[in-house]
Amino acid sequence: MTQANDPNSGADSAAVLRCWQDNAAAWTAAVREAKIRSRTLVTNRAILDAILARAPSRVLDLGCGEGWLSWSLAAENIPVLGVDAIAALIEAAKSSPSDAESAPLFRTLDYAQVPLALAGERFDLIVCNFSLLDQAGVANLMLAIPALLAPNGTLLIQTLHPDFVGTPANRSDGWRSETWQGIGEDFRGQAPWYYRTLASWRRLFVQSDLQLTEQLEPPHPETGLPASVIFVLGV
Ligand SMILES: C[S@@+](CC[C@H](N)C(=O)[O-])C[C@H]1O[C@@H](n2cnc3c(N)ncnc32)[C@H](O)[C@@H]1O
């Protein structure tokens, strides 16, 4: 995916979800046909390693998309609940081809529904893999995380590295759009997402009573630059 000039300053959570609704099938194909090079080269392994290093007994995969990460964890015999707002992606996740012995559970939930829908549930690891895309919805979701984390639980957030995306002149909080260039022909429109600086992410964590314990920056083998950032957080 390539960053484009931003025509999207008014985008909000509804626009984000419309985009994923429109592109659910194309996205499923792009992930399953390994068309996103940074993922196959770096970021899939990086998030899996970060999760497996913590040997979780129950994982919540927030914004699970077509489910590749939930299924990868199920193959390691880790119980997983994957949630996503887009019903077509959850359907794809449920029917994913896999030889894992026990399937993950999947539910269609918008982040706004998560606090009530999962009230009383606890996970020792919650993961958001490139799935925190809007402004206010993500801020509200972060506020809900402490109640979902088991004692000593961990939240892992993998996202584009704010210092290595776009141009240095364009590094303040705001809406951006991404084209789908290079990952398939069937995508429609551009993908809106809300850019946060590192300082802004950290403020969000403080406001949500989440402690940043580590910041991983998996390098891209071709450039040596961070391919992403993984925030490791506790309560
Ligand atoms: C880039 S995809 C990542 C999917 C998956 N985590 C992965 O690693 O392939 C972003 C996902 O976040 C989901 N998402 C974005 N905003 C959401 C919201 N408000 N509630 C639930 N899911 C959301 C989208 O539907 C989409 O599946």
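**Notes on a predicted single-chain model with a ligand**

1. Contacts in the chain with a separation of 6 or more are 72% made up of pairs 24 or more positions apart. Keep in mind that this is a predicted model.

2. Overall build. The chain holds eight helices and 10 strands. Its radius of gyration is 17 Å, close to the 18 Å that the globule rule gives for 235 residues, so the chain is as compact as a globular protein of that length. Along the principal axes, the C-alpha atoms fill a box of roughly 40 × 40 × 35 Å. Of the 235 residues, 41% are buried.

3. The core. The largest nonpolar core has 61 residues. Which of them touch the most other members? They are Val59, Ile126, Val127 and Leu156. Take Ile126 from that group. Leaving out residues up to four places away in sequence, Ile126 touches Leu60, Leu62, Ile145, Leu148, Leu149 and Leu155.

4. Leucine 210, a loop residue. Leu210 sits between helix H8 (198-207) and strand E9 (211-216), in the loop that joins them. Is Leu210 buried or exposed? The count of other C-beta atoms within 10 Å is 21. The cut-off for a buried residue is 20 or more. Leu210 is therefore buried.

5. What surrounds Leu210. Residues up to four places away in sequence are again set aside. Leu210 then touches Met142, Ile145, Pro146, Leu155, Phe205, Leu233 and Val235. One of these partners, Ile145, is 65 residues away along the chain, yet the two C-alpha atoms are separated by 8.3 Å. Ile145 and Leu155 also appear among the contacts of Ile126.

6. Helix H5. This helix spans residues 87-94, and Leu89, Ile90, Ala92 and Ala93 in it are buried. How are they placed around the helix? Viewed down the axis of H5, the buried residues fall within an arc of 160°, so they line one face of the helix. The cover over these buried residues includes helix H2 (24-32), H4, strand E3 (80-84) and strand E4 (105-108).

7. The ligand shell. There are 21 residues around the ligand, and those that come nearest are Trp20, Gly63, Gly65, Ala85 and Ser131. Two elements give two or more residues to this shell: helix H1 (13-22) and helix H4 (68-74). H1 supplies the largest share, four residues. By type, the shell divides into 13 nonpolar, six polar and two charged residues. H4 was met above, as part of the cover over the buried residues of H5.

8. Alanine 34, a backbone point to check. Ala34 has a phi near 55°, a positive value in a residue other than glycine. Where is Ala34 found? It is in the loop between H2 and helix H3 (37-52). With 11 other C-beta atoms within 10 Å, Ala34 is exposed. The cut-off for exposed is 12 or fewer.

9. Asparagine 152, a second such point. Asn152 is not a glycine either, and its phi is positive, about 65°. This residue lies in strand E6, residues 149-159. How many C-beta neighbours does Asn152 have inside 10 Å? There are 9, so Asn152 counts as exposed.

10. Where to look. For the interior, begin with Ile126, which is among the core residues that touch the most other members. Then turn to Leu210, buried although it lies in a loop. For the ligand, begin with H1, the source of four shell residues. For the backbone, view the positive phi values of Ala34 and Asn152.

How values were computed:
Residues numbered from 1 in each chain as written. Predicted model: local features only at pLDDT ≥ 70, side-chain atom pairs only at ≥ 80, totals over all residues. Near = placed C-beta within 6 Å. Nonpolar A, V, L, I, M, F, W, Y, C, P; charged D, E, K, R; others polar. Core = buried A, V, L, I, M, F, W, Y, C linked by C-beta atoms within 7 Å. Contact = placed C-beta atoms within 7 Å. Arc of directions from axis to C-beta. Rg over C-alpha atoms; globule rule 2.2 N^0.38 Å.
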